[in-house]
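Student: Could you take me through one part of this model in detail? I would like to see how the helices pack together and what they rest on.

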Amino acid sequence: MKPLHLSEAQTGDDRQREIWAIGSGKGGTGKSFVTTSVALSLVKLGKKVILVDADLGCANLHTCLGMHPVSQSLSDFMSGRVASLADVLVPTPYPGLKLISGAHDMLDIANPTHSRKSALMKALDELEFDYLLLDLGAGTAFNTLDFFLAAHKAILVVVPEPTAIENAYRFIKSVYFRYMRAVSKELKLRQLVEEAMDPKNQRGVHSVHDLIEVLAAADPAVGRRLREDINAMRVRLVVNQVRTVDDLTLGFAMRSSVEKYFGIRMDYSGYVEYDDVVWKAARAHQTVMHEYPYSSPARCVDRLTRNLMTNQQIELESVVTNR
Ligand SMILES: Nc1ncnc2c1ncn2[C@@H]1O[C@H](COP(=O)(O)OP(=O)(O)OP(=O)(O)O)[C@@H](O)[C@H]1O
Ligand SMILES: [Mg+2]
């Protein structure tokens with residue numbers, strides 16, 4: 001898997017054929033809800049969208065779309081039971097939106113090899129879509145980080161709770177360290193990265209910036225390349241389950257902290273308000289975007305989707321006046 005797309009994503013505005021990966025440090029932040037809703041928002045704009053349930057251990061996107069479990073799934077492709085990913089692509093009740101359901105028998109595929117993952121990314125890229133959205137499992141498993149890095153846009157969902165925020169920072173750091181490990185081909189450099197991944201490491205490496213310095217001292221050419229790549233990379237942050245103005249300003253605070261302490265850039269792409277319509281729709285096997293299109297979460301998702309398409313961020317002034 002070539003973990004470079006994250007930086008390539010900076011060039012286009014509303015570029016067609018993009019793969020977006022949605023992850024979070026902690027479970028239950030609303031990744032699946034946000035992914036499904038953004039997909040429906042894109043469909044409303046006339047885009048052809050594929051949703052992929054890439055939570056290899058705990059797939060449930062079909063439920064978020066109000067669908068029954070789907071018999072064909074990613075595991076049929078990963079285990080070689082079907083030759084083509086197109087064979088596991090199923091229509092949804094929403095024209096323009098197709099689904100690749102997550103693996104059921106996760107034992108064969110919860111831990112795919114590097115070459116299986118690369119083959120999957122390549123096969124995904126060959127499907128017909130304008131936007132392909134990957135709903136990832138929570139946490140910092142290497143699989144999750146690899147899919148996150150392989151996407152054109154990497155979207156991190158956080159909720160305004162201390163554990164979720166803490167895990168989000170850990171997630172960001174793990175993504176960058178994983179990237180640096182992939183770029184550090186030489187064994188000596190790789191060992192330095194692996195050592196630094198231990199939070200109690202003896203070298204005092206705590207931030208992305210620290211690790212670049214260590215690698216640059218060992219190999220200046222690698223250090224130069226990493227500085228360039230990392231300057232161009234950015235994670236896009238979404239704050240979900242916002243109840244107060246303080247909740248939504250979390251995104252601005254996290255953006256500044258990441259820049260200050262890790263030495264990296266992050267976009268605050270949008271927030272989604274907390275609202276009871278989300279569980280009401282889920283219980284009725286409906287979607288918020290269709291049943292409650294004028295609700296605050298649906299309007300927030302539409303705004304978030306536009307920002308993600310056009311690489312815009314939200315600004316504090318517009319947030320306060322739009323509420
Ligand atoms: N904006 C919101 N307002 C109200 N409830 C929400 C909102 N977003 C998510 N929820 C609720 O939070 C719960 C978790 O959402 P969801 O399943 O999308 O999270 P997840 O991050 O995909 O979880 P997992 O890590 O288990 O895959 C669900 O019950 C959902 O209805
Ligand atoms: Mg989920």
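Tutor: Let's begin where helix H8 touches helix H10: Lys173, Tyr176, Phe177 and Met180 of H8 meet Val208, Leu211 and Leu215 of H10. By class, this contact has six nonpolar residues, one charged residue and no polar ones. Please keep in mind that the model is predicted.

Now for the geometry of that pair. H8 covers residues 162-183 and H10 covers residues 208-218; the two pack at an angle of about 15°, with their axes 10 Å apart. Angles under 35 degrees count as roughly parallel, and that makes H8 roughly parallel to H10. The crossing of this pair is right-handed.

A third helix, H9, joins the picture. H9 spans residues 187-197, and it packs with H10 at an angle of about 160°, their axes being 10 Å apart. Here the cut-off to use is the one at the other end of the scale, where angles over 145 degrees count as roughly antiparallel. H9 and H10 are therefore roughly antiparallel to each other, and their crossing is right-handed. On the H9 side the contact is made by Lys188, Leu189, Leu192, Val193 and Ala196, and on the H10 side by Leu211, Val214, Leu215 and Ala218. Sorted by class, that gives eight nonpolar residues, one charged and no polar. You have met Leu211 and Leu215 already, since these residues of H10 also meet H8.

That leaves H8 against H9. The axes of these two helices come within 8 Å and cross at roughly 165°. H8 and H9 are therefore roughly antiparallel to each other. In this case H8 passes H9 in a left-handed crossing. H8 contributes Phe177, Met180 and Arg181, while H9 contributes Arg190, Val193, Glu194, Ala196 and Met197. By class, the contact has five nonpolar and three charged residues, with no polar ones. Some of these residues take part in another contact as well: Phe177 and Met180 of H8 also meet H10, and Val193 and Ala196 of H9 also touch H10.

Next, what do the helices rest on? For H8 the partner is a sheet. The sheet is open and has eight strands in the order E3-E4-E2-E5-E1-E6-E7-E8, with mixed pairing. Its edge strands are E3 (89-91) and E8 (266-273), each of which pairs on one side only. From one strand to the next, the twist averages 25°. H8 packs on this sheet and touches strands E1 (18-23), E6 (153-158) and E7, its direction making about 160° with that of E6.

For a look at the pairing itself, take E2 (residues 49-54) and E4 (residues 97-100), which pair in the parallel sense over four bridges. Within this pair, Val52 has Ile100 in E4 as its bridge partner.

Strand E7 also leads us to the ligand. Ligand 1 is surrounded by 19 residues, the closest being Gly27, Gly30, Ser32, Phe33 and Val278. The elements that give two or more residues to this shell are helix H2 (31-44), strand E7 (235-242) and helix H13 (277-283). By class, the shell has eight nonpolar, eight polar and three charged residues. So to put the parts side by side on your screen, start from E7: this strand is touched by H8 and also gives residues to the shell around ligand 1.

Note on methods:
Residues are numbered from 1 along each chain as its sequence is written. Chains are lettered from A and ligands numbered from 1 in the order in which they are written. This is a predicted model: local features need pLDDT of at least 70, side-chain atom pairs count only at pLDDT 80 or more; totals for chains, interfaces and linings use all residues. A residue is near a molecule or strand if its C-beta atom, placed from the backbone, lies within 6 Å of it. Ala, Val, Leu, Ile, Met, Phe, Trp, Tyr, Cys and Pro count as nonpolar, Asp, Glu, Lys and Arg as charged, and the others, Gly among them, as polar. Axes are lines fitted to C-alpha atoms, for helices over the stretch in contact, and angles run from 0 to 180 degrees between N-to-C directions. Angles under 35 degrees count as roughly parallel, over 145 as roughly antiparallel, 65 to 115 as roughly perpendicular and the rest as oblique. A crossing is left-handed if the near helix is turned anticlockwise from the far one by less than a right angle, and right-handed if clockwise. Two residues are in contact if their C-beta atoms, placed from the backbone, lie within 7 Å. Two strands pair if DSSP finds at least two bridges between them.
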